[in-house]
Structure formats: C-alpha cells, structure tokens
Amino acid sequence: MNACRRTGISVVICAPSGTGKTTLCRRLLQEFPNIVLSVSCTTRPPRAGEVNGRDYVFLSREEFLQKREAGFFAEWAQVHGSFYGTPLAAAWNLPAEGKDALFDIDVQGAAQIRRCLPAARLVFLFPPSRAELERRLRARGTESEEGLALRMATAARETAQARWFDFWIVNDELEQAWQELRAVYVASTLSPSLCPQFQAGPAAEWGL
Ligand code: ADP
Ligand code: 5GP
C-alpha cells in the first residue's frame, strides 16, 4: 500500500558545461518516472541529436524576448552569448501535480529559483579537475576552440558560486556520482513536509 502520496519536489542541478550534467540527469529521468525535466527555452542552435520540445524549445531571439516580456519565465539568463529560460508553468505546476521537477540550469538561474522556490534542493556537480573538464568538452566534439575557451572561463565563475548549494557531487567515476545523485534525490523526497496524505492518515494516528 502506498500510504504516502506526496507533493512534488524541485531539484536543480548546476555544473560547468562538460561536467556530465546531461548524462546524470538522463539517468535520473530514466530510473524515476515521477521526475519530469523542466524543458527550457533557448536561443542557441540545436546540437546534433537534440530534439525541439524534448531537449529544449528552440526560439529565435525575438521570440524569446517576447516571451520574457510577457512574463513567461520563472527565471532566465544569458549563458555563453545565448538566452535560456525556465517556463513558469514547469516551476509551479509540476510539484503541485505531485511530479518532481528537475531543472538543468546555470548558477544565475539557480539563484533565481532559490528565491522563488526556497524548498528547491540545489546540487552542484564538479568535474574532477580543470584538465578533465577540458578533455570531456573536447571529447564531446560540440564546441569550437572559441566555444571551449568561453566554457572554461565560465566554469571558473560558476564554481566560485558553489558554496550556497545544498549538495556537492564530484563527477569523477560516473557510477559513484550517479549513486550520490540518486541518494540525494531519494533522501529529498522523504521530508515530512511533502506528505499531506500521510499527515492526514497514519501521522494523525501516531499523534504527529
Ligand atoms: P554537460 O551536460 O555537463 O555539459 P555532458 O553530460 O554532455 O555534460 O558530458 C560531457 C562529456 O563527458 C560527454 O561526452 C559525456 O559522455 C562525458 N562524461 C560524463 N560523465 C563522465 C565521467 N564520469 N567520466 C568520463 N566522461 C564523462
Ligand atoms: P547548453 O547550451 O550546454 O545546453 O547549456 C549551457 C548552460 O545553460 C548550462 O549550464 C545549462 O544548465 C544552462 N541552462 C539550460 N537551460 C537553462 C535555463 O532555462 N535557465 C538558465 N538560467 N540556464 C539554463
């Protein structure tokens, strides 16, 4: 019997580009059907294999700015020269429907989510070293030399913000990082504040 149909949680994952955030987020989404990725809007062009509406909603700069003016975004930021934004609907509706919302966003966006959703759990993912980060970015083969230098410079600024996050995970061995992220997620779903039905039923029986 499932005695506890709980409220959804919000999990934000930040990492310097190339750390392995997408890899780990995909795994979380595969293993836990209750987690739904908040699909961001972006003005950057799609990479090979990316699907509009699944990975991002790809917009022109004009379309993005129109939506921004109309109050469509819970947060937005400019990253590596492109605009990115989280639709308000994902930030508010998913947890209210009992779904856990996963936000793959940058540190500027994480700071805004912390202000509007104070209960969100914020995870910062580190690469094991600068050299390994650069190796992974090169191995992914999606960046020009200019794009690579930009990402390495942004990485230093982003890691300087890691202190105010709730959890730190180093993505050295993928399997260990995965077990740690999994543990963070599962533990975050066990807060008593998320279980209204439990509080009305068994919790009342035990005088809680
Ligand atoms: P991000 O979303 O953070 O930019 P990706 O998930 O695209 O990063 O990963 C960047 C590259 O590093 C990919 O080629 C991915 O397969 C690889 N990668 C991810 N995690 C690890 C790891 N623990 N060890 C080695 N390579 C990794
Ligand atoms: P990429 O272009 O490599 O997919 O993403 C670049 C950076 O933008 C990553 O750090 C990613 O997490 C971040 N990002 C993706 N979507 C959003 C969003 O909606 N808002 C913010 N603030 N950052 C985002």
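# Exercises on two pockets and a ligand

In this predicted model, the lining of the largest pocket is made up of 14 nonpolar, 15 polar and 16 charged residues. Let's work around that pocket, then visit another one.

**Exercise 1.** Find out how much space the largest pocket holds, and which residues and elements line it.

*Solution.*
- Start with the space: the volume is about 1,100 Å³.
- Next, count the wall: 45 residues line this pocket. If you look for its centre, T22, R47, Y56, D104 and R140 lie nearest.
- Now go by element. At least two lining residues each come from α1, β5 (73-79), β6 (82-87), α5 and α6 (145-159).
- Who gives the most? That's α1, with seven residues.

**Exercise 2.** Work out where ligand 1 sits and what surrounds it.

*Solution.*
- First, place the ligand: the space it takes is the largest pocket, the one you just explored.
- Then list the neighbours. There are 13 residues around ligand 1, and G18, K21, T22, T23 and R140 come nearest.
- Sort that shell by class and you get two nonpolar, seven polar and four charged residues.
- Finally, trace the shell back to helices. Both α1 (21-31) and α5 (130-140) supply at least two of its residues, and α1 gives the most, namely three.

**Exercise 3.** Pick out polar contacts of ligand 1 with G20, T23 and L174, and say which part of each residue takes part.

*Solution.*
- Use a cut-off of 3.5 Å between N or O atoms.
- Take T23: an N or O atom in its side chain is 2.6 Å from an oxygen atom of the ligand.
- With G20 the backbone does the job: one of its polar backbone atoms is 2.9 Å from a ligand oxygen.
- L174 also uses a polar backbone atom, this time 3.4 Å from a nitrogen atom of ligand 1.
- To finish, check the cover. On its own, ligand 1 has 570 Å² of accessible area, and the protein covers 75% of that.

**Exercise 4.** Describe the second largest pocket: its space, its central residues and its lining by class.

*Solution.*
- The space comes to about 240 Å³.
- Its lining has 17 residues, with G8, I9, S10, A119 and L194 closest to the centre.
- By class, ten of the lining residues are nonpolar, six are polar and one is charged.
- For the main contributor, look at helix α3 (residues 88-96): its four residues are the largest share of the lining.

Technical notes:
Residues numbered from 1 in each chain as written. Chains lettered and ligands numbered in written order. Predicted model: local features only at pLDDT ≥ 70, side-chain atom pairs only at ≥ 80, totals over all residues. Heavy atoms only, no water. Near = heavy atom within 4 Å. Polar contact = N/O pair within 3.5 Å; in protein donor to acceptor, adjacent residues only side chain to side chain. Areas by Shrake-Rupley, 256 points an atom, 1.4 Å probe, with all protein chains shown as cover. 1 Å grid on protein atoms, 1.4 Å probe; cavity = no way out; pocket = protein on both sides within 12 Å on 5 of 7 lines; lining within 4 Å. Sits in = over half its atoms within 2 Å of the grid points. Nonpolar A, V, L, I, M, F, W, Y, C, P; charged D, E, K, R; others polar. Points joined across faces, edges and corners; volume = space filled by probe spheres on them.
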